[in-house]
Amino acid sequence: MGMPKSWARPFGVLLLLAALLGAGGTPASGAEGLPDAQWFDGATASALTVEDGRLVDGLGREVVLRGYNVSGETKLAEHGGLPFASVADARAAATAVRALGGANTVRFLLSWASAEPVRGQVDQGYLAAVTEQMRAFLDAGVRVLTDFHQDLFSRHLFDAGSWYTGDGAPAWAVADGGYPRESCGICLFWGQNITQNEAVKRATHDFWHNARGIQDAFLTTARTTLGYLAQHLTAEEFAAVAGFDPYNEPHAGSYDSGQTSRAWEREVLWPFYTRFRTAMDAAGWQAKPAYVEPNLFWNANIDFQRQEGGLLDAGALGPRYVFNTHFYDQKAISGVFMWGKAGDGQYARDLGAVRDRAAAASTAAFVGEFGHPLSGTVADKAPSVLKAMYQGLDSRLNGAAWWSDPSASGPVLSGTQWQWDLYSGRHHELMNGNPGKVLTAGDAWNDEDLSAVRRDDAGAPVLRQDARLLDRLYPSATAGRVLAFTYEDRSRDGSTTQTWNPVPASLPQVARLVGTGRYGLLLWRPGGPAAPTELHLPASFAATTVVSDLGAVDRPPLYTPQTPVAVAPEPGGTGSRRLLLTAPDRGGVHFALVTDGATDPSADLLNAARAELTAWAAAHT
């Protein structure tokens, strides 16, 4: 029986205080096994729940999850529905996702077809391989959100000569459906199969209506999978499993007569989620939220694609559920509906709607997928589109408005970019089992190419996008409540540096300190734990300057509990670093500006910048 929710966080704080005070007021070094762990790391800090519309850890700190989907390789047959060919590859990817990509979380894809290739027989070997590959990320200090993935319901709806393919359900789940031969008709993008391919539509509809007991079978396999993971991961490892995403990008397939998209969510999708939640509880996942997705078209940014939804009738979701949605700019991807590139605040409205919907549902928001093609006719938009998406995750304000009204910034959104495919451009996938159609390029799936990483000729992981864009400063854990955050990454679009949020002229000393460098600014109200506030530091922040009410420091020293502004490795031994800010638990507002733009700043400049920021923070919070 799990610990009552009302006791869970106070108990965690008591454990923290015991660690802090147990050795004459000096915290114990290290925590529960991970390399580079501090006294406040470990299972208590890893556990997540939802409080007041935010994700919080077991110490009461507000948490932001950032990372990537691992990976589209699961959709393919070449490695048996696993993200990696081997545990060694998983470990290489885990180290790289932390050290190169700046991630603290991955959305880890699972395959129903691989988990249950024969009806009623769960493949224990597959679950064992999944567990070991997940463990590679957990050992690197990366949280894992598991996801039973599907697209176009099943690859087994498509024949060897098909133009498209799917993933998800096993062959037996579609074998007796009597579905027509698949055809998308006139389709420019694979996603059009969702609403135009009769085979996909009917098979999807059958799943939601439990035809031939296929939804029951899926839930039985899900419960077995959930139980296996809970039993075969250690307690510390399992604590770092963030939760479970039951079903990727749900859609009705086809609506029943007179049924609306909103009614389908209420009458069909939500009952499925409650059944999955029951399976989680029965398998030992009572304390972990389900990351539930609405109708995938609820937030489409092309008007004729949008359908009413967003789990509007599900009531208050937290703390048992997290509102989990995807966002792609279909206008930009189309090459027709958006000319030119993205600009400052491009997605403020779209991602603001995600914040608003989660708040109305009394839970936290999570953006499980976002991204843009890296090859093809619209690839030139990727640097600006991705910068605008990350800007929208950081704040609901555009750069031009942020400094004048930071209190309207909204919560920092958690999210995982699509995707982190180690084998990008080096696949060997027989499309729909056809030896005459061997796919090697891009993601090797329906002409997609979105991976942020690839292997070079020596086999080492290397980024395919600007490191300034991907490896970002962000508040991974805040001791209190985040009031506002912004980050100017100055990422590049070709030879052009994109700067959308320059320091205003009204703060001349801050602007002088930052110069042409990158900077982030966090404002937070303290409260709760003695553990510090953490911000992930990009690997390229070789020289870090911090200006805060807690101190103004160039090149902060290594962490000790008595040092208010310090740096330390992130747990996991990957070489990634974090900024640690230790503030007294009192009222008021704290601020911290972090930049790599300063070169040996004088004490006078640091103090002048601190004075400007102190006055600015007092006037705007």
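These legends accompany close-up views of a predicted model.

**View 1. The hairpin of strand 1 and strand 2.** Strand 1 spans residues 48-51, and strand 2 covers residues 54-57. The two strands run antiparallel and are joined by four bridges. Together they form a hairpin, with two residues between them. Asp52 sits in the turn and has a positive phi of about 50°. Glu51 of strand 1 stands opposite Arg54 in strand 2. Strand 1 has two faces. Leu48 and Val50 make up the covered face. Thr49 and Glu51 make up the uncovered one.

**View 2. Thr105 in strand 5.** Strand 5 runs over residues 105-111 and includes Thr105. Thr105 has a relative accessibility of 1%, under the 20% limit, so this residue counts as buried. Its side chain makes a polar contact with the side chain of Asn104, at 2.9 Å. Beyond its neighbours within four places in sequence, Thr105 is in contact with seven residues from several stretches of the chain, listed next. Among them are Leu65, Arg66, Gly67 and Tyr68. Val142 and Arg143 are also in contact with Thr105, as is Thr416.

**View 3. The disulfide of Cys184 and Cys187.** The structure holds one disulfide. Cys184 and Cys187 form it, with their sulfur atoms 1.7 Å apart. The torsion about the S-S bond is about -75°, so the disulfide is left-handed. Are the two cysteines buried or exposed? Cys184 has 7% relative accessibility and therefore counts as buried. Cys187, at 12%, counts as buried too.

**View 4. The largest nonpolar core.** This core has 111 residues. Which members touch the most others? They are Phe137, Phe153, Phe207, Phe272, Phe276, Trp285 and Trp420. Helix 11 (residues 261-282) gives the largest share of this core, nine residues. In soluble globular proteins, nonpolar side chains tend to be buried together.

**View 5. Around Phe207.** Phe207 is among the residues that touch the most other members of the largest nonpolar core. Setting aside neighbours within four places in sequence, Phe207 is in contact with Trp112, Phe153 and Ile214, among others. Its contacts also include Gln215, Phe218, Tyr247 and Phe272.

**View 6. Another nonpolar core.** Apart from the largest core lies another, of 22 residues. Its members include Leu397, Val510, Leu605 and Trp616.

Definitions and conventions. Residues numbered from 1 in each chain as written. Predicted model: local features only at pLDDT ≥ 70, side-chain atom pairs only at ≥ 80, totals over all residues. Heavy atoms only, no water. Buried < 20%, exposed > 50% of the residue type's maximum accessible area, 1.4 Å probe, protein only. Polar contact = N/O pair within 3.5 Å; in protein donor to acceptor, adjacent residues only side chain to side chain. Contact = heavy atoms within 4.5 Å. Disulfide = S-S within 2.5 Å. Core = buried A, V, L, I, M, F, W, Y, C linked by side-chain atoms within 4.5 Å. Pairing = 2+ DSSP bridges.
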